[in-house]
Amino acid sequence: MKEFWKRFSRNKGAVIGLLVLSLVVILAITAGFIFPGDPFQSVGKPFEPPFGEFLFGTDTLGRDVAAGIVHGARTSLLIGLIATVLAVGVATIIGGFAGYYGGWIDDILMRITEFFQTIPSFIFALVLVAILSAQIENIVFAIAAVTWPPITRLVRGEFMAMRNREFVQACVVLGMNDLLIIFREILPNTLSPIIVTGSLMVATAILIESALAFLGLGDPNVMSWGFMIGAGRTFLRTAWWLCAIPGIAILLTVLAINLVGEGLNDALNPRLRNQ
Amino acid sequence: MSRTKNKLVSQSHTTTKAGTDSVLESQPLHRSRRDFLKTTGAAGVTILVAGSGLAAVREASAAARKGGTLVHLIQPEVPTLATYLSTSSPVSQGGTRAYSGLLEYDFDLNPQPSLAESWSVSEDGLTAQFKLRKGIKFHDGHPLTSADVKYTIMEVLKQVHPRGPNSFREVQEIETPDEQTVILRLEHPAPYMMTAFSSYESPIVPKHLFEGKDLRNLPYANAPVGSGPYKFVEWKRGQYIRYDRFDDYYKADMPAIDRLVQRSIADSATRTAVLERGEVHLTGFGGVPYSDAVALEKLPHLEVTTDGYEMFSTMVWLEFNTRKAPFDNQKVRQAVAYAMERQWIIDNVWFRFGKVATGPINSNIKHLYTSEVRNYEVADGLEKANQLLDEAGYKRNADGVRFEITHDLTPYGEEWQRFGEYVKQRLDRLGIKVTLRYEDVATWLRRIYTDYDFQVTSNWLHGFADPVIGVHRAYHSRSIRQGTVFVNGSGWSSPETDKLMDDAGVEPDPKRRAELYKEFQQLVVEASPIAWIHEIKFPTVYNNMFSDVITSPLGILGALDRVHLS
């Protein structure tokens with residue numbers, strides 16, 4: 001663990017990223033204390049500029065932009081995390097089986113994966129949300145549904161490489177159960193690339209959610225950064241802060257997650273470890 | 001494609017150079033050299049004319065008033081020009097130019113002469129007589145006579161027009177004793193019918209071209225032949241529709257402009273930009289977003305008006321599903337109606353393009369509207385609402401919540417979403433916990449008008465020029481027609497209001513009719529099956545190089561025959 005931190009902190013960007021990300025996480029957790037009540041509630045006159053009575057000003061209906069940012073952080077992170085966990089879970093199972101067994105199982109599973117991979121992912125997400133209706137669960141599902149194929153292929157590749165290693169073959173010779181080999185022997189050894197990809201996937205998920213909300217397909221009951229930008233877009237010329245502030249929030253968060261992902265990659269990548 | 005477009009636009013520019021100045025500033029700077037030469041040429045002429053004395057100047061300004069090309073932006077794209085088959089806004093904007101109607105209307109919706117130079121309705125309301133002008137011609141040179149009017153009403157409007165069968169339902173037969181006289185014989189009086197003779201509502205079509213053919217499959221659907229101010233020239237699909245001035249138009253000296261070009265642009269930001277740049281001169285009915293209209297109004301070369309929608313009487317409201325709890329309870333409906341701050345909604349969601357609504361009949365319809373109804377737009381609305389909810393037996397629980405509902409949003413754009421968010425946070429203060437639901441248009445329509453699977457939805461309807469045509473459909477028990485859209489979705493009706501509507505529909509005496517409708521309005525507003533929010537005042541944006549653009553309550557759906565260069 002100490003070694004891990006040493007490697008991680010060698011990457012300055014990653015440390016900054018982690019700091020920013022921690023700040024966002026803290027804001028998300030304490031949202032209810034900092035801005036109690038519904039962020040949709042109007043608190044002042046519409047279009048109050050920022051750094052006056054309200055830190056980030058108010059929007060078209062007099063809602064506090066700062067409250068929106070803090071509550072939106074909660075939505076964005078939650079969606080990012082849950083969608084990623086879902087996608088990585090599905091990808092590990094499908095990719096694991098395909099890589100371990102090979103042959104016709106691999107063929108079938110990979111053709112299914114490729115089928116999903118050939119559909120343009122954002123358009124697919126749009127269609128899913130449009131069909132299932134814009135509720136937060138459906139949005140999470142749609143994001144997971146479009147992000148799992150690339151992770152699946154990665155997991156499959158790792159498993160295929162591991163499959164013929166001696167320690168795995170030894171397990172087979174010992175008569176070990178396939179499931180045990182997959183989950184207890186191979187999976188722990190392929191975890192680091194999965195974690196790195198997964199961490200980057202969180203950023204992708206946040207971006208997809210923002211884009212959906214921007215196009216008016218977010219959950220209208222949940223405050224999110226994409227929703228704020230979408231609602232403020234009309235007033236780009238008259239009230240810049242409505243788009244700029246949530247835009248900066250998305251930028252910083254996604255950047256931070258990417259930096260942390262890089263750092264994780266440095267810290268976990270076995271090839272670097274051997275250098 | 002861009003060549004043709006450029007040409008059309010540049011012609012409009014050159015023709016205006018002689019008479020305008022401020023427009024010059026609004027023209028795009030990157031003009032071709034040919035355009036530049038044309039411009040200087042035209043300017044040269046002006047200088048010469050101006051130099052040759054006062055009389056010549058007057059002549060020049062008269063000449064400046066003539067000519068010009070008006071580019072009209074239609075949103076959304078025009079599907080067909082058959083206004084006798086469809087009354088949708090793009091079809092009407094695209095096709096109405098080619099047609100005339102028996103009557104026109106002033107802004108108070110009083111009939112004015114058009115094809116008919118005089119008209120009369122018998123005292124019993126069972127006969128309407130129209131006297132046509134002499135010498136009216138269709139665009140193909142064929143004279144327009146009473147036979148065309150009879151054919152249009154009996155064979156076209158009563159058969160295939162969306163509203164014609166309703167507007168002319170009482171017409172039993174039409175007599176045409178001579179070429180200029182049309183006599184409509186009615187079964188019952190139909191006072192509303194007199195509002196339905198505009199070129200938009202009842203375009204007179206040429207019998208000699210239409211008769212004996214399949215009306216739904218005519219070549220004239222997309223190449224209209226009428227007697228209107230502009231003659232159809234060509235339609236380049238996806239690019240433009242071109243009309244030229246009809247020289248034999250029955251109003252002498254009209255229209256003053258040479259050409260009318262209609263274009264469609266899918267992207268709303270581009271629409272705003274081309275108006276700003278002066279590439280198009282006119283748009284309305286949602287052509288630009290409300291927020292952009294506010295910004296465009298500040299530009300020197302653009303004017304924004306909300307006139308020209310009096311004939312549509314469009315209203316925004318919240319519609320309750322009165323079939324099930326909690327909105328089967330009148331007090332709950334009234335509470336929600338009291339909680340809404342209509343003026344705030346107009347100011348902040350619709351950018352001031354609206355007027356507070358008080359009941360089912362739009363205040364445009366001055367002779368039938370009454371404000372003497374229960375007033376829901378009061379300062380202490382929230383207290384009143386809380387009190388009503390207490391009386392209705394919906395007490396607050398430990399969390400301060402009385403009950404939870406789902407509010408459906410009209411899927412027609414951003415302002416509806418903002419409106420829904422307002423409703424949510426406002427009802428929250430009454431202890432009503434609201435979940436918003438936003439679906440696509442087809443799903444929403446099915447939910448409201450077929451499955452009745454909703455509690456409260458935002459909605460809007462055109463009330464048109466007479467309650468029989470636009471208002472009855474939302475309140476009459478006969479209009480609770482499962483599967484038909486934009487009728488009575490609330491499911492509310494009462495025998496008294498049904499009878500009042502039926503009686504008012506056939507009441508020839510205007511005073512008596514107004515009394516019937518007054519009682520109707522008072523009863524409906526009390527029952528509040530709908531919380532009326534506001535009467536939309538759509539913005540029409542036009543370039544002020546043109547004058548007299550909006551001269552009728554039909555606005556951009558009118559004839560546009562008076563428009564001329566400023």
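Modeller: Let's start with a definition: two strands pair if DSSP finds at least two bridges between them. Helices (H or I, at least four residues) and strands (E, at least two) are DSSP runs, numbered from the N terminus. This is a predicted model, where local features need pLDDT of at least 70, side-chain atom pairs count only at pLDDT 80 or more, and totals for chains, interfaces and linings use all residues. Residues are numbered from 1 along each chain as its sequence is written, while chains are lettered from A and ligands numbered from 1 in the order in which they are written.

Colleague: Thanks! In what order do the 6 strands of the open sheet in chain B stand?

Modeller: The order is E14-E18-E13-E17-E15-E16, and the pairing is mixed. E14 (354-356) and E16 (432-437) of chain B are the edge strands; each has a single partner strand, so one side of each lacks a neighbour in the sheet. From one strand to the next, the twist averages 30° (axes are lines fitted to C-alpha atoms, for helices over the stretch in contact, and angles run from 0 to 180 degrees between N-to-C directions).

Colleague: Which helix packs on the sheet?

Modeller: Contact means that C-beta atoms, placed from the backbone, lie within 7 Å. Helix H14 (residues 414-428) of chain B packs there, touching E13 (314-320), E15, E16 and E17 of chain B. The direction of H14(B) makes about 165° with that of E16(B).

Colleague: And how many residues of chain B are in contact with chain A?

Modeller: Here 19 residues of chain B meet 16 residues of chain A. H14(B) gives the largest share of chain B's side, 9 residues.

Technical notes:
Contact = placed C-beta atoms within 7 Å.
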